[in-house]
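User: I have a structure on my screen and some basic questions about how it is put together. Can we go through it step by step?

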Amino acid sequence: MTVASDSSHRRAKPPNRLFKNWMAKIASLPMILTALFVFVGGTAWTITYSFTGSRMLPKIKWVGFDQYERLWETDRWIISIKNLAVYGGCSLILTLVLGFTLAACLDRKIRFESAFRTIFLYPFALSFVVTGLVWQWILNPDFGLQSVVRGWGWESFTFNPLNDPETVMFGLLIAGLWQGTGLIMCIMLAGLRGIDEDIWKAARVDGIGTVKTYVMVIIPMMRPVFITALVLIASGIIKLYDLVVAQTGGGPGLSSEVPAKYVIEYMFRAQNLGQGFAASTMMLCSVVIILIPWAYLEFGGRKRG
Amino acid sequence: MADTTTNTAQEPRGPKPKKTFSRANIFLYGMLIMVSVYYLLPLYVMIVTSLKGMPEIRMGNVFGPPMEITFEPWVKAWSEACTGINCDGLSRGFGNSVRILVPSVLMSIVIASVNGYALSNWKFKGSETFFTILIIGAFIPYQTMLYPIVIMLREIGLMGSIGGLVLVHTVFGMPILTLLFRNYFASVPEELFKAARVDGAGFWQIYFQIMIPMALPIFVVAIILQVTGIWNDFLFGVIYTKPATYPMTVQLNNIVNSVQGVKEYNVNMAATLLTGLVPLVIYFASGKLFVRGIAAGAVKG
């Protein structure tokens, strides 16, 4: 329907536009329906209902911004945001640094490159649930890393992040980095491979050291790769859910709660739909804040994607 | 720093550097090996723990190899471990996951390949707009769409069933797969397409006789992408299914994180390893294609 609307004043094309190419239109129907009903419709629906007082069932009973006010007064939400900020900040920086360093190491024409790459990337093939459970076991205070080091004779060694509200997010970070750096390394490696060999020759002629060349020349040249990596890491961080559920369950207490978990708890367990909708709309806002500058940088200058 | 020695000026991009044991190289390999240990440790611990008996685990040392290898934890994880009242092990979750996986992968790939083909060769007015919405949709947090989908599935009577989850996976796999296929078909020389058109071939004829045979590698990439993605899904499984239809990841989480009963760490690790086995096998078997899949998935647009 949208197809036929305003196409009469374009260049000379055969008449009867709605039926031109009709097979392609029918074949694209699943995509069109998904785009319109699930992505646009679903999102609009959730945003709309976040302004209602829905509890067990969605009901149109407008309450204005009440849900949002209540949301930002809820300790649990504030804790979730703070946790995500800590996890996100560390994860972003460490993933970029580690991913780039590993990629640069692999790019130094070393032996067994593909073996190393296989090792660094395999966690990415696993489910977050698997990752969370394995690290929960390794970080188990009674049988895991802590007890092993104590068994070696260092009796006072304490490494028990999952049971300490102060450090639990770092326990999650260890697991998250384990799973996520491989992908970023792969992207960085592809970026490094795309850099002209002559740059290195020129740097060598000028007598610039390897590390300095990376920092001063290569990294600025790889800006688009870094931006892609940044967007990937950031959107992954906002989605953080499975790992928390599997590794800590949000505990101890509420100390490892995250926004995605808050949304699901309120929607499906606490029967407080309005809160869930408001919280998920806030998540959407954060994605939009990340994406708009990126889309502007990426597609702003040159048209056609 | 000192490692310029590895590529001294007269060396003409030879395959291997001659001085393998320069100071810089020792540092380089040392670091890579240390990082490898961090990466391999969890896999090793999983395997080792799952082969130990509980008395040995209580003695400590997760990193020690098993003194007595036992496969009992594996058997128990597969056929006896309890979730709530059901005590038939992970085998049920495995069965559900397979029944979710096969139709989801088939459906999403068929739909996405046709979409991608239409988008690259049969552009119509508005097609790019819908495609853009689809790609933006891939960035929207799933949490914003969870509840409306619950309502939709309820309306068509598929809530809680495997069919409903298949539909959800098809929908959410569409953006990335469509992008994958669209970019691939766009790289096919246009003359080929035009020649077929001149010969009178239609939409489906060109798709089946020209495009599909040429796109076999990209189909493999898509299959790898979807199998690992759907197998590893937890969020959709936990929301859109009920205990009888839980996929393996959800059941695994319930087995390991259940509060009642004595914790059997060896059974838990066997169960974890079993769940991770399918994507791991695919990963190690597919090698370069897996990397290509995630590269395609990662570098959007």
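User: In what pattern do the elements of chain B run from the N terminus on?
Analyst: Keep in mind that this is a predicted model. Chain B has zero strands. Its helix count is 14. From the N terminus on, the elements therefore run α-α-α-α-α-α-α-α-α-α-α-α-α-α.

User: Is chain B spread out or compact, going by its radius of gyration?
Analyst: For 301 residues, the globule rule gives 19 Å. The radius of gyration of chain B is 25 Å, well over that. So, next to a compact globule, chain B is more spread out.

User: Into which domains is chain B divided?
Analyst: The C-alpha centres of the two domains, 1 and 2, lie 32 Å apart in chain B. By residue number, chain B is divided into domain 1 (2–79) and domain 2 (91–298).

User: Which element gives the most to the side of domain 1 of chain B that touches domain 2 of chain B?
Analyst: On this side, 14 residues of domain 1 of chain B are in contact with 11 residues of domain 2 of chain B. The elements that give two or more residues to the domain 1 side are α1 (23–50), α2 (54–58) and α3 (72–79) of chain B. With six residues, the one that gives the most is α3(B).

User: What classes of residue does that side of domain 1 of chain B have?
Analyst: The side in question is the one that touches domain 2 of chain B. By class, it has two charged, four polar and eight nonpolar residues.

User: Which element gives the most to the side of chain B that touches chain A?
Analyst: Between the chains, 74 residues of chain B are in contact with 82 residues of chain A. On the chain B side, one element gives 11 residues. The element that gives the most is α1(B).

User: How many residues on that side of chain B are nonpolar?
Analyst: The residues of chain B that touch chain A divide into three classes. Three are charged and 22 are polar. The nonpolar count is 49.

User: What is the radius of gyration of chain A?
Analyst: Chain A has 14 helices and zero strands. For its 305 residues the globule rule gives 19 Å. The value for chain A is well over that, so the chain is more spread out than a compact globule. Its radius of gyration is 25 Å.

User: What share of the 305 residues of chain A counts as buried?
Analyst: A residue counts as buried if 20 or more other C-beta atoms lie within 10 Å of its own. In chain A, the share that passes is 40%.

Definitions and conventions. Residues numbered from 1 in each chain as written. Chains lettered and ligands numbered in written order. Predicted model: local features only at pLDDT ≥ 70, side-chain atom pairs only at ≥ 80, totals over all residues. Domains from an automatic or database assignment. Contact = placed C-beta atoms within 7 Å. Helix = DSSP H or I, 4+ residues; strand = E, 2+ residues; numbered from the N terminus. Nonpolar A, V, L, I, M, F, W, Y, C, P; charged D, E, K, R; others polar. Rg over C-alpha atoms; globule rule 2.2 N^0.38 Å. Buried ≥ 20, exposed ≤ 12 C-beta atoms within 10 Å, placed from the backbone.
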